[in-house]
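User: I've got a fold open on my screen and I'd like to learn how to read it piece by piece. Can you walk me through it?

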Amino acid sequence: VRSAGRSPVALERSFFPELPGFLEEDLSGSLYALLAERYDLAPRTALEHLDPVIATPEEAAELGIEPGAPLMRIERTAYAGDGTPVEHAHDLFRPDRVRISVRSGVSAPAPPPDPTAAP
C-alpha cells in the first residue's frame, strides 16, 4: 500500500524475475536502481495498460474506501534494453487521490503499418 499524508492512495503488486540474491538486497529503495546497478537490467521501456475497475472488498479494505468504489488499474511490464522483462506490475490507484500522467517518447521511427493486420 502506497500512502500520501498517511492516507492510502495506491495498492501496488510487482513481480520480478528470479535473480540471485535479490531478496537479500535492501529493497526499501528504488528497485529500478537496484536492477540497474546490481544486475545490469536497467528498465528502458514499458508496456502499460490502463483500465477503470471497481474495488473488491479486500482492495477496498486496504485502501480505506467502500467496496465498489472506482479505481484505475495499471498493468505494466518493464523491459531492459535487450528486451528482457524485468518487472510485471498490477497497480490500483484511487482516482480521488491521484492524477495519472503519461509521457511517451519515441527513440526510433515507427515501423510501417502491417498490411495483413486486422484494423
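User: Let's start small: which side chain does Ser-7 meet in a polar contact?

Analyst: Keep in mind that this is a predicted model. Here the side chains of Ser-7 and Arg-97 are joined by a polar contact of 3.3 Å. Ser-7 itself sits in strand E2.

User: Is Ser-7 buried or exposed?

Analyst: Buried means under 20% relative accessible area. Ser-7 comes in at 18% relative accessibility, so it counts as buried. For the whole picture, 28% of the 119 residues of the protein chain count as buried.

User: Zooming out, how many helices and strands are there in the protein chain?

Analyst: Two helices and five strands. Reading from the N terminus on, the elements go β-β-α-β-α-β-β.

User: How should I read the sheet, and what is the order of its strands?

Analyst: The general idea first: strands of a sheet pair through backbone hydrogen bonds, either parallel or antiparallel. In this model, five strands make an open sheet with antiparallel pairing, in the order E1-E2-E5-E4-E3. Strand E1 (2-4) and strand E3 (43-54) are at the edges; each has a single partner strand, so one side of each lacks a neighbour in the sheet. Neighbouring strands of this sheet are turned by 20° against each other on average, ignoring direction.

User: How many bridges hold E2 to E5, and how many hold E4 to E5?

Analyst: E2 and E5 run antiparallel and are joined by six bridges. In that pair, Glu-12 stands opposite Asp-91 in E5. Strand E4 (residues 70-80) pairs with strand E5 (residues 85-93) over eight bridges, also in the antiparallel sense. There you can find Arg-76 opposite Ala-89 in E5.

User: What about the turn of that hairpin: which residue takes a positive phi?

Analyst: Gly-83 does, with phi near 95°, in the hairpin of E4 and E5, which has four residues between the strands.

User: Which residues other than glycine have a positive phi?

Analyst: Two to look at are Arg-6 and Asp-40. Arg-6 is not a glycine, yet its phi is positive at about 65°. Arg-6 lies in the loop between E1 and E2, and with a relative accessible area of 85% it is exposed. Asp-40 has phi near 55°. Its place is the loop between H1 and E3, and Asp-40 is exposed too, with a relative accessible area of 69%.

User: Now something on chain ends: how far apart are the C-alpha atoms of Ala-4 and Val-98?

Analyst: They are separated by 9.7 Å, while lying 94 residues apart along the chain. Ala-4 belongs to strand E1. With 35% relative accessibility, Ala-4 counts as partly exposed.

User: On to pockets. How do I read those, and what is the volume of the largest pocket?

Analyst: The idea is simple: rolling a probe the size of a water molecule over the atoms shows where empty space is left. In this model the largest pocket has a volume of about 260 Å³. Its lining has 10 residues, and those nearest the centre are Ala-46, Glu-48, Ser-101, Val-102 and Arg-103.

User: Which element gives the largest share of that lining, and what kinds of residue make up the lining?

Analyst: E3 gives the largest share of the largest pocket's lining, with three residues. E3 and E4 each supply at least two residues there. By type, the lining of the largest pocket has five nonpolar, two polar and three charged residues.

User: And which residues line the second largest pocket?

Analyst: The second largest pocket holds about 220 Å³ of space. Its lining consists of Arg-2, Glu-12, Arg-13, Ser-14, Phe-16, Leu-31, Tyr-32, Arg-76, Glu-87 and Asp-91. You've already met Glu-12 and Asp-91 as facing residues in the E2 and E5 pair.

User: Which elements supply that second lining, and how does it divide by residue type?

Analyst: Strand E2 (7-15), helix H1 (31-39) and E5 each supply at least two residues of the lining of the second largest pocket. E2 provides the largest share, three residues. By type, the residues of this lining are three nonpolar, one polar and six charged.

Technical notes
Residues are numbered from 1 along each chain as its sequence is written. This is a predicted model: local features need pLDDT of at least 70, side-chain atom pairs count only at pLDDT 80 or more; totals for chains, interfaces and linings use all residues. Side-chain values use heavy atoms; hydrogens and water are left out. Two strands pair if DSSP finds at least two bridges between them. Axes are lines fitted to C-alpha atoms, for helices over the stretch in contact, and angles run from 0 to 180 degrees between N-to-C directions. On a 1 Å grid over the protein atoms alone, a cavity is a set of points where a 1.4 Å probe fits but cannot get out, and a pocket is an open set with protein on both sides within 12 Å along at least five of seven lines; lining residues have an atom within 4 Å of a point. Grid points are joined across faces, edges and corners, and a volume is the space filled by probe spheres set on the points. Ala, Val, Leu, Ile, Met, Phe, Trp, Tyr, Cys and Pro count as nonpolar, Asp, Glu, Lys and Arg as charged, and the others, Gly among them, as polar. Buried means under 20% relative accessible area, exposed over 50%, partly exposed in between (1.4 Å probe, protein chains only). A polar contact is a pair of N or O atoms within 3.5 Å; within protein, one must be able to donate a hydrogen and the other to accept it, and residues adjacent in sequence count only if both atoms are side-chain atoms.
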